[in-house]
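Got your viewer open? Let's take a short walk around this model, one selection at a time.

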Amino acid sequence: SPQAEAMYARGVYTAQERNNTDIVSWCGIFALYCHKMAGLRMSPWPLKYSIGKPKPGDQLRILQSGEQILPGDIGITEPAARNHHFVVTEVSGNVVSSMDGNAGFLMEIVKKDRQYSVSQVRSTGGGFLTPIWEKVL
């Protein structure tokens with residue numbers, strides 16, 4: 001759209017502005033799809049979680065620093081800028097391996113050798129989401 005072209009021409013925009021002006025980036029939609037295909041009863045996009053005080057409709061919760069990150073959890077990095085979501089596939093100390101939608105050169109599904117440092121994810125204001133099992137099973 002002309003609005004999206006103008007936004008990209010400026011070169012500076014927020015993730016929220018991008019998602020409200022252009023086609024929504026689909027990395028988070030892919031993470032939600034993975035949870036649904038695993039058999040979890042999840043609502044449609046957007047992901048249902050709250051920062052701060054949880055709401056009754058939340059299906060995911062934010063893992064606090066020190067809580068164990070597990071395969072299947074959803075990582076979010078740079079939420080105020082790039083706002084990228086990924087699915088954790090392995091955890092080894094302070095490093096998580098992932099499967100990412102809307103990633104790579106062609107904005108595809110990428111798994112091979114994709115890794116994030118937990119401390120780096122958290123330093124961007126990001127974090128990790130885990131299902132509230134009693135609401136999604």
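Before you click on anything, keep in mind that this is a predicted model. We'll begin with charged pairs: the structure holds 4 salt bridges. Side chains of opposite charge can pair when their charged atoms come close. Let's visit some of these pairs.

**Stop one: Glu17 and Arg10.** Select these two and show their side chains. They meet in a salt bridge, at 2.8 Å from N to O. How much of Glu17 is accessible? Its relative accessibility is 27%, so Glu17 counts as partly exposed.

**Stop two: Glu67 and Arg61.** Here is another salt bridge, and the closest N and O atoms of Glu67 and Arg61 sit 2.9 Å apart. Glu67 is partly exposed, at 29% relative accessibility. Arg61 is partly exposed too, at 35%.

**Stop three: Asp100 and Arg114.** Pick this pair and you'll find their side chains joined in a salt bridge, 3.4 Å from N to O. The two come from distant parts of the chain, 14 residues apart. Asp100 belongs to strand S4 (residues 95–103), while Arg114 is in the loop between strand S5 (108–110) and strand S6 (115–117). Is Asp100 buried or exposed? Its relative accessible area is 0%, so Asp100 is buried. Its partner Arg114 counts as partly exposed, at 22% relative accessibility.

**Stop four: a nonpolar patch.** Now switch on the surface and select Val24, Trp26, Ile29, Trp45, Met107 and Ile109. Together they form a nonpolar patch with about 500 Å² of accessible area. For a closer look at one member, pick Ile29, which lies in helix H3 (residues 27–37). Ile29 is partly exposed, with a relative accessible area of 33%.

**Stop five: the largest pocket.** Rolling a probe the size of a water molecule over the atoms shows where empty space is left. The largest pocket in this model has a volume of about 340 Å³. It is lined by 19 residues, and the closest to its centre are Asn19, Trp45, Tyr49, Asn83 and His85. You may recognise Trp45, which is also part of the nonpolar patch.

Which helix should you select here, as the one that gives the most to the lining? That is helix H2 (residues 15–21), with 5 residues. To finish, try colouring the pocket lining by residue type: you should get 11 nonpolar, 7 polar and 1 charged.

Definitions and conventions:
Residues are numbered from 1 along each chain as its sequence is written. This is a predicted model: local features need pLDDT of at least 70, side-chain atom pairs count only at pLDDT 80 or more; totals for chains, interfaces and linings use all residues. Side-chain values use heavy atoms; hydrogens and water are left out. On a 1 Å grid over the protein atoms alone, a cavity is a set of points where a 1.4 Å probe fits but cannot get out, and a pocket is an open set with protein on both sides within 12 Å along at least five of seven lines; lining residues have an atom within 4 Å of a point. Grid points are joined across faces, edges and corners, and a volume is the space filled by probe spheres set on the points. Helices (H or I, at least four residues) and strands (E, at least two) are DSSP runs, numbered from the N terminus. Ala, Val, Leu, Ile, Met, Phe, Trp, Tyr, Cys and Pro count as nonpolar, Asp, Glu, Lys and Arg as charged, and the others, Gly among them, as polar. Patches are made of residues with over 30% relative accessible area and no salt bridge: like charges are joined within 9 Å, nonpolar side chains (Val, Leu, Ile, Met, Phe, Trp, Tyr) within 5 Å. Accessible areas come from the Shrake-Rupley method with a 1.4 Å probe; for residues, only the protein chains shown count as cover. Buried means under 20% relative accessible area, exposed over 50%, partly exposed in between (1.4 Å probe, protein chains only).
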